[in-house]
Amino acid sequence: ILADGNVITFDAAVIASGAKIPWLGMGNGLPEGYDGSLQGRLRVLKQIGDEVMASKNVVIVGGGLIGSEVAGDIAVYGKAQNKDIKVTLVQSQNQLCSELREKSRLMVQKKLTNVGVHVILNEKAIEKEDGTLVLASTGTELQADYIIKTVGLVAVNNFVEIEGALTEERGFLNTDDCFRVNGGDNRVFAFGDCCITGRNAGAYIFDNIKIIGHNVKTALQGKDFKTETSGPEMYVVTTGPNDGVFQGICCSTQYVLPPMKNKNMFLFRVKGVLGFQ
């Protein structure tokens with residue numbers, strides 16, 4: 001049921017509504033006056049970027065893949081614009097980027113330190129009612145003109161009313177290894193960040209596009225469903241516009257793929273999968 005009351009019926013449906021973190025720069029919330037256009041979104045991002053670059057002390061809460069990349073970009077771009085920005089990255093675990101192997105995690109941390117990011121591990125940052133940010137264990141106040149929270153990924157599934165479809169924590173869709181939504185009568189599927197099946201990685205999405213397509217066709221024609229396929233875990237973490245870490249099957253390196261991600265975000269593969277020239 002759409003917001004205007006119109007009803008769309010379906011034989012099969014795929015939910016790919018994604019997830020968000022509590023920061024406007026990553027799409028959480030819409031500012032006043034935003035018209036929903038690409039140009040409007042670019043204006044919003046430009047405004048956010050100007051606010052960050054005008055800050056003296058930027059604190060990023062959450063040292064995962066996203067938080068580490070944001071920290072590196074702010075530190076490097078700030079220096080490039082001759083801005084004296086102190087960037088602090090607070091991580092509650094004892095290492096950054098828990099998805100990575102130890103060698104890769106240490107490479108990311110070293111690169112961030114080299115570009116001037118102050119990394120705090122094994123610590124939680126708490127925002128008080130007056131807006132100040134303090135470390136949980138000591139109560140030490142962090143100087144913060146701008147706070148970026150890259151923790152608390154929440155699925156955008158508040159429109160789903162299928163009984164038993166949502167997890168109790170953060171509202172992700174309960175899906176099996178065929179991407180079928182619990183309670184969806186084998187006709188409702190979910191794909192990507194909005195569901196619990198699979199990992200949050202571009203390579204995984206590419207590997208399973210044909211699987212989800214096959215299963216939608218199966219829902220219509222009554223054939224056998226296929227289960228997800230999971231290739232080797234590979235990650236590319238950028239630590240500024242010209243550097244980063246690639247973790248492959250058995251090695252970690254700073255060459256080739258990090259600069260490529262910085263340059264084009266691997267959009268050439270997206271275009272290839274979709275059949276664009």
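Reader: In this predicted model, which label fits Phe-225 at 25% relative accessibility, buried or partly exposed?

Author: A residue counts as buried under 20% and as exposed over 50%, with partly exposed in between. Phe-225 has 25% relative accessibility, so it is partly exposed. Its ring also has a charged neighbour: Arg-180 lies over the face of Phe-225, 4.6 Å from the ring centre.

Reader: How many aromatic pairs are there, and how should their geometry be read?

Author: Planes over 60 degrees apart count as edge-to-face, those under 30 as stacked, and the rest as tilted. Two aromatic pairs are counted here. Phe-179 and Phe-191 are edge-to-face, with 90° between the planes and 5.2 Å from centre to centre. Phe-179 belongs to the loop between β10 and β11, and Phe-191 to the loop between β11 and α4, twelve residues apart. Phe-179, at 0% relative accessibility, is buried; Phe-191, at 13%, is buried as well. Phe-189 and Phe-225 make a tilted pair, with centres 6.1 Å apart and planes at 50°. Since Phe-189 is in strand β11 and Phe-225 in the loop between α4 and β12, this pair ties together parts 36 residues apart in sequence. Phe-189 is buried, at 0% relative accessible area.

Reader: Which residues have the most contacts inside the largest nonpolar core?

Author: In soluble globular proteins, nonpolar side chains tend to be buried together. Here the largest core holds 28 residues, and those with the most contacts inside it are Val-58, Ile-60, Ile-74, Val-87, Val-108, Val-117 and Ile-148. Among the elements that give it two or more residues are α1, β3, α2, β4 and α3. Ile-60 touches residues including Val-70, Ile-74, Val-87, Leu-89 and Ile-148. A second, separate core of nine residues includes Val-160, Val-181, Val-188 and Cys-195.

Reader: What span should the 16 residues of α2 have?

Author: At 1.5 Å a residue, the expected span is 22 Å; the end C-alpha atoms of α2 are 23 Å apart, which agrees. The buried residues of α2 include Gly-67, Glu-69, Val-70, Ala-71 and Ile-74. Just after α2, Asn-82 takes a positive phi of about 60°.

Reader: Which strands stand at the edges of the sheet that contains β6 and β8?

Author: The strand order is the place to begin. This open sheet of three strands runs β6-β7-β8, with antiparallel pairing. β6 and β8 are the edge strands, each with a single partner, so one side of each has no neighbour in the sheet. Three bridges join β6 to β7, and Ile-126 has Val-134 in β7 as its bridge partner.

Notes
Residues numbered from 1 in each chain as written. Predicted model: local features only at pLDDT ≥ 70, side-chain atom pairs only at ≥ 80, totals over all residues. Heavy atoms only, no water. Pairing = 2+ DSSP bridges. Helix = DSSP H or I, 4+ residues; strand = E, 2+ residues; numbered from the N terminus. Core = buried A, V, L, I, M, F, W, Y, C linked by side-chain atoms within 4.5 Å. Buried < 20%, exposed > 50% of the residue type's maximum accessible area, 1.4 Å probe, protein only. Contact = heavy atoms within 4.5 Å. Expected span 1.5 Å × (residues − 1). Phe/Tyr/Trp six-rings, centres within 6.5 Å; stacked < 30°, edge-to-face > 60°. Lys NZ or Arg CZ within 6 Å of the ring centre and 35° of its normal. Lists of a residue's contacts leave out its neighbours within four places in sequence.
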